[in-house]
Amino acid sequence: MTSSDGGYVPGRHKIDDYGGGGFRFADMSHRGSILALPSGVRAVPLTSAAEIDDSMIDSALSESGGLDVFVVGTGKDLLPLAGGLRAKLRAAGVGCETMATGAAVRTYNVLVDENRRVGAFLIAV
């Protein structure tokens, strides 16, 4: 992604690689964390899952067009997502899986392959 595209790539994309502080997808690379949705992938200014707040969840839900599951890659180590955020997703009928970013990328890709409606916050490692 480049600054000229506003940090957004439309379309559903699997994550080809991660590490070195970023991700590879859609034949490009991005340094930093991302929000991946069926509608597209966008840069997000996250360095920790603790920075995810209600407004970020609301935005992800409104942009997604409906999700079955939301995956949160918390970085190198597994960290819990705040209970209120999990409750917000559950109230919207969306399952939530929290795991280290490597596992989250693999899980996200499997769900995309299964044509599931999946979204993910992926913290760069």
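This passage describes a three-stranded sheet, the helix that packs on it, and the salt bridges of a predicted model.

Residues are numbered from 1 along each chain as its sequence is written, and side-chain values use heavy atoms, with hydrogens and water left out. Because the model is predicted, local features need pLDDT of at least 70 and side-chain atom pairs count only at pLDDT 80 or more, whereas totals for chains, interfaces and linings use all residues.

Three strands, in the order β2-β3-β4, form an open sheet with antiparallel pairing; helices (H or I, at least four residues) and strands (E, at least two) are DSSP runs numbered from the N terminus, and two strands pair if DSSP finds at least two bridges between them. The edges are occupied by β2 (15–19) and β4 (28–31), each of which has a single partner strand, so one side of each is left without a neighbour in the sheet. From one strand to the next the twist averages 15°, where axes are lines fitted to C-alpha atoms, for helices over the stretch in contact, and angles run from 0 to 180 degrees between N-to-C directions. Between β3 (residues 22–25) and β4, the antiparallel pairing extends over four bridges, and Phe-25 has Met-28 in β4 as its bridge partner. Helix α3 (residues 101–113) packs on the sheet and touches β2 and β3, its direction making about 180° with that of β2; contact here means heavy atoms within 4.5 Å.

A search of the whole structure finds six salt bridges, each defined as a side-chain nitrogen of Lys or Arg within 4 Å of a carboxyl oxygen of Asp or Glu. In one of them, Arg-42 pairs with Glu-63, with the closest N and O atoms 3.1 Å apart. This pair links distant parts of the chain, since Arg-42 lies in strand β6 (residues 40–44) and Glu-63 in helix α1 (residues 54–64), 21 residues apart. Arg-42 is partly exposed at 26% relative accessibility, and Glu-63 is partly exposed with a relative accessible area of 26%, on a scale where buried means under 20% relative accessible area, exposed over 50%, and partly exposed in between (1.4 Å probe, protein chains only).

Arg-116 forms a salt bridge with Asp-68, the closest N and O atoms being 3.8 Å apart. The two residues are 48 residues apart, with Arg-116 in the loop between α3 and β9 (118–122) and Asp-68 in the loop between α1 and β7 (69–73). Arg-116 also forms a salt bridge with Glu-114, at 3.9 Å between the closest N and O atoms. Asp-68, Glu-114, Arg-116 and Arg-117 are linked in a network of salt bridges.
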